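Here's a quick briefing to read alongside the model. Have the sequence and the 3D view open as you go.

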Amino acid sequence: MSYAFLSGYRVQAAARQAVEAGAEAEAASNRAERAVQRLEDVLARHALVLKTLLNFCEKRGLFNEPEFLRMMEEVDLSDGIRDGRYKPGAEPKRCVACGRANQRTAIRCMYCGEDIPDRAII
Ligand SMILES: [Zn+2]
């Protein structure tokens with residue numbers, strides 16, 4: 001008795017699995033591309049808002065570009081690393097009443113409702 005058909009069945013099953021895996025990978029790739037596109041759109045929008053704000057402030061005489069760059073360097077260094085980025089620490093805020101951790105930006109403790117002083121703005 002020959003069981004060659006079993007081998008053929010296994011090959012077909014493996015081929016089907018490979019095709020499904022390929023389709024899943026393509027769908028994941030498409031989702032990632034859309035996510036990157038959305039992030040690029042948000043970034044471009046933020047760049048527009050920032051450039052508009054800078055131009056407006058300069059025209060109003062609030063500061064000039066060198067002053068702005070010096071302040072930007074100060075902010076860059078405020079997180080302890082000169083890397084051209086601002087990355088606030090991820091340390092959670094401890095509630096003074098119950099001691100539990102809350103988000104850095106929390107206004108009140110999500111467990112007991114106590115006000116959280118000195119919360120992070122961003
Ligand atoms: Zn609390």
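What follows covers the chain's overall form, its domains and one of its helices.

This is a predicted model, where local features need pLDDT of at least 70, side-chain atom pairs count only at pLDDT 80 or more, and totals for chains, interfaces and linings use all residues. Residue numbers start from 1 along each chain, as its sequence is written.

**Overall form**
- The protein chain has a radius of gyration of 27 Å, while a compact globule of 122 residues would come in near 14 Å (taken over C-alpha atoms; the globule rule is 2.2 Å times the number of residues to the power 0.38).
- Its C-alpha trace spans about 90 × 45 × 25 Å along the principal axes.

**Packing**
- Just 3% of the 122 residues are buried (20 or more other C-beta atoms within 10 Å of the residue's own, with C-beta atoms placed from the backbone).
- Take the contacts between residues at least 6 apart in sequence: 5% of them join residues at least 24 apart (a contact means C-beta atoms, placed from the backbone, within 7 Å).

**Domains**
- The chain splits into domain 1 (4–87) and domain 2 (89–122), with bounds from an automatic or database domain assignment.
- Over C-alpha atoms, the centres of domain 1 and domain 2 sit 29 Å apart.

**Secondary structure**
- You get two helices and two strands, running α-α-β-β along the sequence (DSSP runs numbered from the N terminus: H or I of at least four residues for helices, E of at least two for strands).
- Helix 2 (residues 65–77) is hardly covered, with zero buried residues among its 13.

Definitions and conventions. Buried ≥ 20, exposed ≤ 12 C-beta atoms within 10 Å, placed from the backbone. Contact = placed C-beta atoms within 7 Å. Expected span 1.5 Å × (residues − 1).
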